[in-house]
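Grab a coffee and open your viewer. Here is a short set of exercises, each with a worked solution.

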Amino acid sequence: MGKKSKNKANRNGIAPTMAQPDSATSSSALDGAAAETSPAEAAGSPQAHSESSGSLKRSSTHDADDDDGWRTIEQGRPIKKAKKLPGAESSRYPAITFSNQARLQSKINVSSLRDLVLYIFADGPAPQWVSIKHRPEFRKIVAIMIPGLEEAMFKGNVDFATYSKLAPDQAIDRVASSPDDYYPRALKKENMPELLHPFADIFPHLWPVRAPGDDKYGKLHSPVQAMLTAPPPKNKEEKKGGVKPVSDPQGWNDQRTRITEFLATPEELVDHQFPSHPALLPEGERRNNFKDPEGWVHTRVEKLVDGSVSEADIEQGSITVGREVLALDCEMCVTGENEYSLTRISLISWDGSVVLDELVKPDKPIIDYVTRFSGITKEMLDPVTTTLKDIQARLLDILHPKTILLGHSLDSDLKAIHLAHPFIVDTSMIFPHPRGPPLKSSLKFLAQKYLSREIQKGQGTGHDSIEDAKTCLDLVKKKCEKGKAWATGESQGENLFKRLARAGTAYRATAGPEATGGLPTGKSSAAVDWGDATRGISSAATVTISCSSDAEVEAGIIRAVKGDPDGLEVPGGGVDFVWSRMRELEALQGWWNRNKLASEEAAGPPVAATSEDAAVCPLEECLKTLGQRLKHIYDELPKCTALIVFSGTGDPREMSRLQSLHAQHKKEYNTPGSNWDKLSVQWTDVEVQALKKAVRAARNGIGFIGVK
């Protein structure tokens with residue numbers, strides 16, 4: 001292929017494909033792919049109504065219409081005309097195909113499905129696990145998440161009457177796939193239950209899909225977030241290896257917020273293993289009998305309400321609301337196996353002045369000064385006489401009920417001081433890691449991203465605790481000025497609906513002659529979900545449709561694809577991309593609300609419907625109805641529409657049970673005076689391995705990909 005031909009192919013958005021003959025991908029969208037425009041494009045792209053003098057259009061018989069198949073709009077609404085869709089046998093009909101020669105080395109992820117959407121409709125990279133033919137001809141994409149679907153349901157000998165009777169720890173063994181078992185399985189009706197035959201009518205393969213998570217830490221992340229959050233676009237700074245400074249989302253308005261809004265709750269303090277303070281315990285015997293562990297002290301706070309300040313005493317507009325805010329940072333050395341002792345403490349006030357900065361000599365011999373991190377040397381500590389008890393006494397005089405301590409991973413500092421305090425603001429918590437706890441972003445990273453500041457630059461000289469404390473202080477001040485929602489979501493990437501609206505690409509087949517070769521244009525979208533679809537990540541969609549049953553979701557998908565007759569709510573002709581979720585199977589399986597996967601969760605699951613016929617299996621009936629719904633949706637889709645169905649996760653029930661046990665164990669273990677041998681919940685390597693196994697099972701999802 002000559003240079004001109006290559007450029008022409010690239011302009012027309014033809015993806016590089018695998019194991020496909022040249023003729024399969026050489027057909028260009030210039031072969032007369034004229035069709036009617038989407039309403040958003042028709043209203044906002046006047047170029048679509050007249051052909052450019054520089055058009056690359058190539059003459060062919062189906063381009064002979066005088067008006068090229070396009071109409072203007074009247075009274076703000078598009079006048080629809082039959083689309084010039086390629087026939088099923090056409091050489092330019094779009095397809096998503098799998099080849100055994102594809103570059104497939106592991107299971108695809110939920111993010112792989114998202115990237116498939118981005119490649120077809122926006123600026124995403126070409127997938128290496130499937131071949132996309134005639135990308136410009138795709139008219140719409142519909143993605144449906146159906147939690148509760150499992151590969152075991154598609155086995156020919158499955159007994160649905162006993163399927164749901166297995167205990168969670170037994171159910172996770174239903175799908176025992178090996179790590180190498182990542183190729184899709186062909187769907188053949190003779191090997192499937194009859195009630196699931198509609199899947200074989202629509203899709204050629206069942207794909208193993210790995211849900212987002214972290215096996216090491218026993219975490220399952222939200223598949224909704226993974227699907228609807230696009231990776232941030234690359235920039236020059238990232239290519240150079242630098243940290244991209246944060247920028248406010250478009251339309252962002254600062255919301256001045258009191259520092260008390262960022263105080264860690266008692267539950268969060270337990271989860272992050274902060275030292276226990278008696279004021280955090282419920283009134284009664286436990287609080288009355290509280291005793292500090294040997295060598296520990298707690299600040300003089302009797303009750304949490306003692307930290308409150310009357311509104312009449314708060315200066316108008318004050319961020320600190322009458323509280324004294326002190327930033328704390330410590331340096332430690334090694335005095336034993338997994339034992340760290342305090343060597344320096346720095347305390348900074350809200351105005352940046354130094355309240356306390358002392359070197360401390362540990363009571364035990366120092367094994368390692370860790371100078372490369374702490375900056376502390378033997379020569380510095382030799383003349384020091386200040387002890388840990390001296391520091392504790394001074395802190396008990398400085399800290400009072402209206403004092404808020406802030407810092408980064410402050411639990412480590414308080415453990416080094418052997419001190420408990422109930423009012424904590426921790427930058428590692430209010431600036432959460434994109435992958436969630438227990439992972440934490442470093443203070444150095446937070447300073448680069450949110451303050452455009454370089455800290456901890458000393459080569460071999462360690463950190464400066466005053467510099468680190470002031471950095472924490474400035475991070476909290478900025479958070480108070482910007483608002484609680486700032487620097488929490490966008491760090492993970494860009495909302496998929498926003499990305500499609502910003503970076504969508506239209507082609508001649510869907511946007512007229514001027515889009516020949518690809519035209520940057522916004523893609524419209526719809527979110528069809530249970531509960532209030534206007535909340536959370538779905539709110540960025542062009543259209544949101546809230547539902548309370550799968551029947552309403554089914555109707556909402558069809559409505560979003562076809563559009564409203566008057567075009568007032570759903571644009572005439574429908575939207576380009578639809579994301580939706582069916583949840584009745586999830587509720588029947590007992591998965592709903594047993595695992596907290598996303599902050600946008602709606603209210604609890606519906607009451608499971610029961611059949612009057614006792615002989616009818618509820619699961620069998622639910623799956624049969626589900627198959628019928630998918631078949632109806634498929635039949636209503638316009639031609640050249642990509643359809644993606646995925647489960648999101650595998651069975652999360654055993655994982656959730658073990659996570660609850662672990663949380664209870666940590667709560668009891670961190671209670672002062674507790675006896676490890678007498679804890680109601682034990683957490684040993686047996687439970688650790690069981691949790692890892694349960695997480696692996698919960699991450700075993702499935703997916704289906706087809707083109708109407």
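The exercises below go from the whole chain down to single side chains, and they all use a predicted model.

**Exercise 1. Take stock of the chain: what are its helix and strand counts, and what percentage of its residues is buried?**

Start with secondary structure: there are 25 helices and 26 strands. Next, go through the 708 residues for burial, and 50% of them turn out to be buried. Then look at the contacts between residues at least 6 apart in sequence: 72% of these join residues at least 24 apart. Finish with the outside, where the accessible surface is about 33300 Å² and carbon and sulfur atoms account for 48% of it.

**Exercise 2. Classify the ring pair W129 and W207, and work out which parts of the chain it ties together.**

For context, the whole structure has 14 aromatic pairs. In this one, the ring centres are 5.2 Å apart and the planes meet at 80°; the cut-off for edge-to-face is over 60 degrees, so edge-to-face it is. Now place the two residues: W129 is in the loop between α4 (110–121) and β5 (131–133), while W207 belongs to strand β8 (residues 205–210), so the pair ties together parts 78 residues apart in sequence. Check burial too: both W129 and W207 are buried. Last, look for company: W129 and W207 belong to one aromatic cluster with F98, Y182 and Y183.

**Exercise 3. Now do the pair F160 and Y163: how are the rings arranged, and where do the residues lie?**

The centres are 6.2 Å apart with 40° between the planes, and this pair counts as tilted. As for location, F160 and Y163 both lie in helix α5 (residues 160–163), 3 residues apart, or about one turn of the helix. F160 and Y163 are both buried.

**Exercise 4. Find which rings R323 and K477 sit over.**

Begin with R323: its charged end is over the ring of F423, 4.9 Å from the ring centre. Move on to K477, which lies over the face of W350 at 5.2 Å from the ring centre.

**Exercise 5. Walk along strand β23 (residues 543–547) and sort its side chains by face; which of them are buried?**

Go residue by residue and you'll see the side chains alternate. V543, I545 and C547 point to one face and are buried. T544 and S546 point to the other face and are not buried. Then bring in the neighbour: strand β22 (residues 525–530) runs parallel to β23, with 5 bridges joining them. To pin down the register, pick V528, whose bridge partner in β23 is I545, one of the buried residues from the previous step.

Methods:
Residues numbered from 1 in each chain as written. Predicted model: local features only at pLDDT ≥ 70, side-chain atom pairs only at ≥ 80, totals over all residues. Heavy atoms only, no water. Helix = DSSP H or I, 4+ residues; strand = E, 2+ residues; numbered from the N terminus. Buried < 20%, exposed > 50% of the residue type's maximum accessible area, 1.4 Å probe, protein only. Contact = heavy atoms within 4.5 Å. Areas by Shrake-Rupley, 256 points an atom, 1.4 Å probe, with all protein chains shown as cover. Phe/Tyr/Trp six-rings, centres within 6.5 Å; stacked < 30°, edge-to-face > 60°. Lys NZ or Arg CZ within 6 Å of the ring centre and 35° of its normal. Pairing = 2+ DSSP bridges.
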